[in-house]
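Thanks for asking me to look this one over. My notes follow below as numbered points, and I hope they are handy while you have the structure open.

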Amino acid sequence: MGCRDVHAATVLSFLCGIASVAGLFAGTLLPNWRKLRLITFNRNEKNLTVYTGLWVKCARYDGSSDCLMYDTTWYSSVDQLDLRVLQFALPLSILIAMGALLLCLIGMCNTAFRSSVPNIKLAKCLVNSAGCHLVAGLLFFLAGTVSLSPSIWVFFYNVHLNKKFEPVFTFDYAVYVTIASAGGLFTTALLLCIWYCACKSLPSPFWQPLYSHPPSMHAYSQPYSARSRLSAIEIDIPVVSHTT
């Protein structure tokens, strides 16, 4: 099987990329990035937990699933630096990953449905499937870096908040969802790069298509008949006549 075929590695990387982007969407929308637990020593009252997300904030009593207070304007008044950075980093990472998915899909579709004889008129517009997968892998790596770095920073910023105020802040499961999704993006990039390096011959430049030899346009053109070639020669050669 040649590298122009749709390999299991490219399909697996595409599915892994979709799952990772879905995880980033979930991590972005979940209101479970940080918990602020307020404990009361009054037996007539219940403990209160404040769940902080990137866009909303919810306060619940222990044992209750309903929000006592649901702040939908929290996104505009975030006072925690790590969450403010995540508000920009995660949507940017999603956009980069979706662009990588589009490139990966273009490369697979071009590989699967391309004709064996290209159209000469569209020769300058031919899609390099291997190049699409390589650039998609680099974009997946960039998206993973953009989402992973601020997500890990949440752990250190949580320690900073506990030292600055009181040890009542804890991180929630949205952090783990985002870190796992970033790991999925790195895995996708690794699969695409391994596939490219295994299929591409090393001496050839990485920006060239996966051809065993440079294709010639004359190989796809219709050959002239013997009569037409002779006619052209007869027309081009001048006729010299001698007069006596």
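1. Reading from the N terminus, the order of elements in the protein chain is α-β-β-β-β-α-α-β-α-α-α. That makes six helices and five strands. Please keep in mind that this is a predicted model, so the confidence values in the next point are worth having at hand.

2. On confidence, the protein chain has an average pLDDT of 75, and 71% of the residues reach at least 70. Helix α1 has the highest confidence, at 90, while helix α6 (residues 226–236) has the lowest, at a mean of 42. Two stretches have pLDDT under 50 throughout. One is residues 119–126, for which the model has six contacts beyond four places in sequence. The other is residues 202–237, with 26 such contacts beyond four places in sequence.

3. Some totals for the whole protein chain may help you. Of its 244 residues, 35% count as buried. The exposed surface comes to about 15400 Å², and 67% of it is supplied by carbon and sulfur atoms. Among contacts with a separation of 6 or more, 65% are between residues 24 or more positions apart.

4. Now to the strands, starting from β1 (residues 34–38). Strand β1 runs antiparallel to β2, and five bridges join the two. Within this pairing, Lys35 has Tyr51 of β2 as its bridge partner, and Arg37 stands opposite Thr49. Strand β1 is also joined to β5 (residues 169–171), again antiparallel, by three bridges. There, the bridge partner of Arg34 is Phe171.

5. Strand β2 pairs with β3 (residues 57–61) as well, in the antiparallel sense and over five bridges. The two form a hairpin, with four residues between them. Leu48 stands opposite Tyr61 of β3, and Tyr51 has Cys58 of β3 as its bridge partner. Tyr51 is thus a residue to look at twice, as it is also the partner of Lys35. Going one strand further, β3 pairs with β4 (residues 69–71), antiparallel and over three bridges; Lys57 is matched there with Asp71.

6. How covered is strand β2 (residues 48–52)? Mostly: five of its five residues are buried. In a regular strand, side chains alternate between the two faces of the sheet. In β2, Leu48, Val50 and Thr52 lie on one side and Thr49 and Tyr51 on the other, and all of them are buried, so both faces are covered.

7. Which residues have the most contacts inside the largest nonpolar core? They are Trp33, Leu83, Leu86 and Phe140, in a core of 26 residues. Two or more residues come from each of α1 (8–29), α2 (81–113), α3 (129–164) and α4 (173–199). Helix α2 gives the largest share, with 10 residues. Apart from this core lies another, of five residues, including Ala130, Leu134, Trp195 and Cys199.

8. Leu83 deserves a look of its own. Setting aside neighbours within four places in sequence, Leu83 is in contact with Trp33, Arg34, Thr52, Gly53, Leu54, Trp74 and Val78. Two names in that list have come up already: Arg34, the bridge partner of Phe171, and Thr52, one of the buried residues of β2.

9. Thr178, in helix α4, is a polar-core question you might otherwise pass over: is Thr178 buried or exposed? Its relative accessibility is 1%, under the 20% cut-off, so Thr178 counts as buried. Beyond neighbours within four places in sequence, Thr178 is in contact with Leu24, Gly27, Trp33, Leu90, Ser147 and Ser151. Trp33 is thus a contact of Thr178 and also of Leu83.

10. Last, the cysteines. How many disulfides does the structure hold? Zero. Cys104 is one cysteine outside any disulfide, and the nearest cysteine sulfur, that of Cys132, is 8.9 Å away. A disulfide needs two cysteine sulfur atoms within 2.5 Å, which is why this pair does not count as one. Cys104 has 0% relative accessibility and therefore counts as buried.

Technical notes:
Residues numbered from 1 in each chain as written. Predicted model: local features only at pLDDT ≥ 70, side-chain atom pairs only at ≥ 80, totals over all residues. Heavy atoms only, no water. Core = buried A, V, L, I, M, F, W, Y, C linked by side-chain atoms within 4.5 Å. Buried < 20%, exposed > 50% of the residue type's maximum accessible area, 1.4 Å probe, protein only. Contact = heavy atoms within 4.5 Å. Pairing = 2+ DSSP bridges. pLDDT = per-residue confidence, 0-100. Areas by Shrake-Rupley, 256 points an atom, 1.4 Å probe, with all protein chains shown as cover.
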